[in-house]
Amino acid sequence: MHVQRMETVGALAGGIAHDLNNVLTPILMSANLLRVTERGAEADELIDAIAESARRGANMVSRLLSSARGADGSNEPFDLIRVIREVEKLARETFPRSIGIVTEIEQPVGTLLGDATQIHQVLLNLCINARDAMPEGGTLRITASHETGGKAVLGGHATQESVVLVVADTGTGMSSEVLDRIFDPFFTTKGVGKGTGLGLPTSLAIVRRHGGIISVNSRVDVGTKFTIKLPAAPGMSASVAPAITADPAPQGDGRAVLLVDDEAPILDIVARMLRDNGYRVLTAANGADAVSLYGELADTIDLVVMDMTMPVMDGLAAIGALRKFNPSVRVVATSGICDDAHVTRAMAAGAATFLPKPYSSDSMLRELARVIDNGS
């Protein structure tokens, strides 16, 4: 029964991931287009907020899918300071004014190796719990520091460099009986509809997955302090990352793209973006229409961007039909479902590359140019 339940959750998560990524794609793309048409510091700030929220939503969808299917998160160096600042900003904007927020970051803080979205989730969970523990107001304190020279054992391995993250509040605190159960799945002291009892168990699993440890101290009517120790990547500092200036995204130079997607907002916004960047664009709402259009204009189309999940004829069948007209047709496959199985099937069908949704204007333009220029 447990296996069947997890299979059902995995299938549901896949459907949710597909639908939400299709929703997030035009949001992210619209933000990119607004950067060109809108000017001013206030407009830039709003556009950045929209784009960052869309990217964060996409990362959360990815984590939902990975968790449901038992996959691990990413394992890349990331800047903990940026994660802290994002959570701090969210807390200041949404928490009651009666809660004071203090953030103390000791420079430099060591770079962490892991999944930034997961650590963001842990920190946000702890801050929300702290907020709920201070209904009459109080102080939320977030501190981060870098420890060296110790002999801590993290993740089963001795390490001399660690990042220490502390979230403390001046709230109601917890009794020893409650402390003994806070990491138990579905255990919660919140009322019905106010808590699932999964926040702390999930946080514990994430910290362990990153090779770290989490501890808690609490006193009734005094407050609670969570301390997380995570192994730092040796010799790497995330104090101030150097700015990276990217080359301008390549332009279309009059080349023709057949854009195929059953989501009308995606068709409209992506087509507009491609035209603004020098491409000639034809559109089709499903695989059957794409095949019919390609059969008439194959000699004039340089590239096909094909959604993989569509009614009437899906992307896999459409790519196979296109290859009957032109065995060397260049196809960029795209989908809101981006697991290994879907990518493998798309590539086996003849796609040159796979572009997961939601994608930005810059990532799409670079991928299209790469496929066309390489003759893939």
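1. Start with histidine 210: a polar atom of its side chain sits 2.9 Å from the backbone nitrogen of aspartate 115. That is a polar contact (a pair of N or O atoms within 3.5 Å; within protein, one must be able to donate a hydrogen and the other to accept it, and residues adjacent in sequence count only if both atoms are side-chain atoms). Along the chain, histidine 210 and aspartate 115 are 95 residues apart, and their C-alpha atoms are separated by 8.3 Å.

2. Before going on: this is a predicted model, where local features need pLDDT of at least 70 and side-chain atom pairs count only at pLDDT 80 or more, while totals for chains, interfaces and linings use all residues. Residues are numbered from 1 along each chain as its sequence is written, and side-chain values use heavy atoms, with hydrogens and water left out.

3. Back to histidine 210, which belongs to the loop between helix H6 (199-209) and strand E6. Helices (H or I, at least four residues) and strands (E, at least two) are DSSP runs, numbered from the N terminus. With a relative accessible area of 10%, histidine 210 is buried (under 20% is buried, over 50% exposed, in between partly exposed; 1.4 Å probe, protein chains only). Leaving out residues up to four places away in sequence, histidine 210 touches Leu113, Gly114, Asp115, Gln118, Ile119, Leu230 and Pro231; contact here means heavy atoms within 4.5 Å.

4. Another histidine worth a look is histidine 120, in helix H4 (residues 116-132). Its relative accessible area is 6%, so it is buried. Neighbours within four places in sequence aside, histidine 120 is in contact with Arg56, Val83, Glu86 and Val87.

5. Glutamate 367 sits in helix H11 and is buried, at a relative accessible area of 18%. What does its side chain pair with? One polar contact, of 2.8 Å, goes to the side chain of threonine 353. Another, also listed at 2.8 Å, goes to the side chain of arginine 370. Setting aside neighbours within four places in sequence, glutamate 367 is in contact with Thr353 and Leu355.

6. H11 (residues 361-374) also packs against helix H7 (residues 264-276), at an angle of about 65 degrees and with the axes 11 Å apart. The axes are lines fitted to C-alpha atoms, for helices over the stretch in contact, and angles run from 0 to 180 degrees between N-to-C directions. The H7-H11 crossing is right-handed (the near helix is turned clockwise from the far one by less than a right angle). Val270, Met273 and Leu274 of H7 meet Ser361, Met364, Leu365 and Leu368 of H11. By type, the residues of this contact are 6 nonpolar, 1 polar and no charged. For that count, Ala, Val, Leu, Ile, Met, Phe, Trp, Tyr, Cys and Pro are nonpolar, Asp, Glu, Lys and Arg are charged, and the others, Gly among them, are polar.

7. Don't skip the loop between strand E12 (353-356) and H11, where proline 358 is placed. The peptide bond from lysine 357 to proline 358 is cis, with omega near -5 degrees. Lysine 357 also has a partner far off in sequence: asparagine 21 is 336 residues away along the chain but 5.6 Å away in space, C-alpha to C-alpha. Asparagine 21 belongs to helix H1 (residues 2-37) and counts as buried, at 5% relative accessibility.

8. Helix H9 (residues 315-325) has Gly315, Ala318, Ile319, Ala321 and Leu322 as its buried residues. Viewed down the H9 axis they fall within an arc of 165 degrees, so they line one face of the helix; the arc is that of the directions from the helix axis to the C-beta atoms. At the N-terminal end of H9, aspartate 314 acts as a cap, with a side-chain oxygen 3.3 Å from the backbone nitrogen of leucine 316.

9. Two aspartates have a positive phi. Aspartate 221 has phi near 65 degrees; it lies in the loop between strand E6 (213-219) and strand E7 (223-237) and is exposed, with a relative accessible area of 65%. Aspartate 253 has phi near 55 degrees; it is in the loop between E7 and strand E8 (256-260) and is exposed at 65% relative accessibility.

10. For the overall picture, the protein has 11 helices and 12 strands. Of its 376 residues, 45% are buried. Among contacts with a separation of 6 or more, 71% involve residues 24 or more positions apart.
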